[in-house]
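User: Please take a close look at one loop of this model and tell me what stands out there, then set that loop in the context of the rest of the chain.

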Amino acid sequence: KKHMATSHEKRMPFECGICNKTFKEKLSLKKHIVSFHDKRKPFECHICDKKFAEKSSLKTHIAIIHEGKKPFSCETCWAYFALKSNFKQHISSVHEGKKPFRCELCDHYFSRKTHLSSHMKYVHEGLKPYECESCDSRFKSNRGLENHILFVHEGKKPFKCDICDYRCSQKSTLKSHVLSVHEGKKSFECNMCDHSFSNKSDMNRHVASVHEGKKPFKCDICD
């Protein structure tokens, strides 16, 4: 009966009294309160000092972030995933085109109800409930706040290049570094001139400043 209710009827009877998030299991609700609202995280990563509420979450973090394990592969497009849930979601949304949850305000479709809820909160309501006590920056998620504190205020740079001594705070930044500096790849081409760039943000800055004439930074001394 419980299996039918949670797996097939998608019932989520346990609701958090603080943020209204719902869960299938009472234990999941308890874990959520401990980790997100009580901030109890006794398990610390020895590589990057990130803390977790559960030992299993720490093990998953080390396997995915620091060891780069992605055991689930898509046979259609050969994308790799660290988590089985993400793999199944990829198949459903990307290859089967299933996005049953529609935003009534902007007509966007989502593969998960939680994605729609997050979209409503952060895009249309502009909510950023997680505030940094050091600089008043605000974030959409607790993970965003934690990463901000680790990388900006504590200066942690856990990702190191295997070729040179370059270190950075984000895995995506390290990948861009290897591609551009060591492999010389510049896959983002400007469609207005012959310039090419190793990452999209550099290309966007180029288009804005060179082709659109946007120069937002003004000298206080001269014009």
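Analyst: The loop between β7 (101-102) and β8 (109-110) holds D107, where strands are DSSP runs (E, at least two residues), helices are DSSP runs as well (H or I, at least four residues), and both are numbered from the N terminus. This is a predicted model, in which local features need pLDDT of at least 70 and side-chain atom pairs count only at pLDDT 80 or more, while totals for chains, interfaces and linings use all residues. Residues are numbered from 1 along each chain as its sequence is written, and side-chain values use heavy atoms, with hydrogens and water left out.

Most residues other than glycine have a negative phi. D107, although not a glycine, has a positive phi of about 70°. With a relative accessibility of 43%, D107 is partly exposed, a class that lies between buried (under 20% relative accessible area) and exposed (over 50%), as found with a 1.4 Å probe on protein chains only.

Two cysteines, C103 and C106, also deserve attention: the sulfur of C103 has its closest cysteine sulfur in C106, at 3.7 Å, which is too far for a bond. A disulfide is a pair of cysteine sulfur atoms within 2.5 Å. C103 itself is buried, at 0% relative accessibility. A comparable description applies to C48, whose sulfur lies 3.8 Å from that of C45, the closest cysteine sulfur, again too far for a bond; C48 is buried too, with a relative accessible area of 7%. Searching the whole structure gives zero disulfides.

Another residue with a positive phi is D136, which is not a glycine either and has a value near 70°. D136 sits in the loop between β9 (130-131) and β10 (138-139), and with a relative accessible area of 53% D136 is exposed.

As for the setting of these loops, the chain has eight helices and 14 strands. Its radius of gyration, taken over C-alpha atoms, is 22 Å, well over the 17 Å that the globule rule gives for 223 residues, so the chain is more spread out than a compact globule; that rule is 2.2 Å times the number of residues to the power 0.38. The C-alpha trace spans about 70 × 40 × 40 Å along its principal axes, and buried residues make up 22% of the 223 residues. Of the contacts (heavy atoms within 4.5 Å) between residues at least 6 apart in sequence, 9% join residues at least 24 apart.
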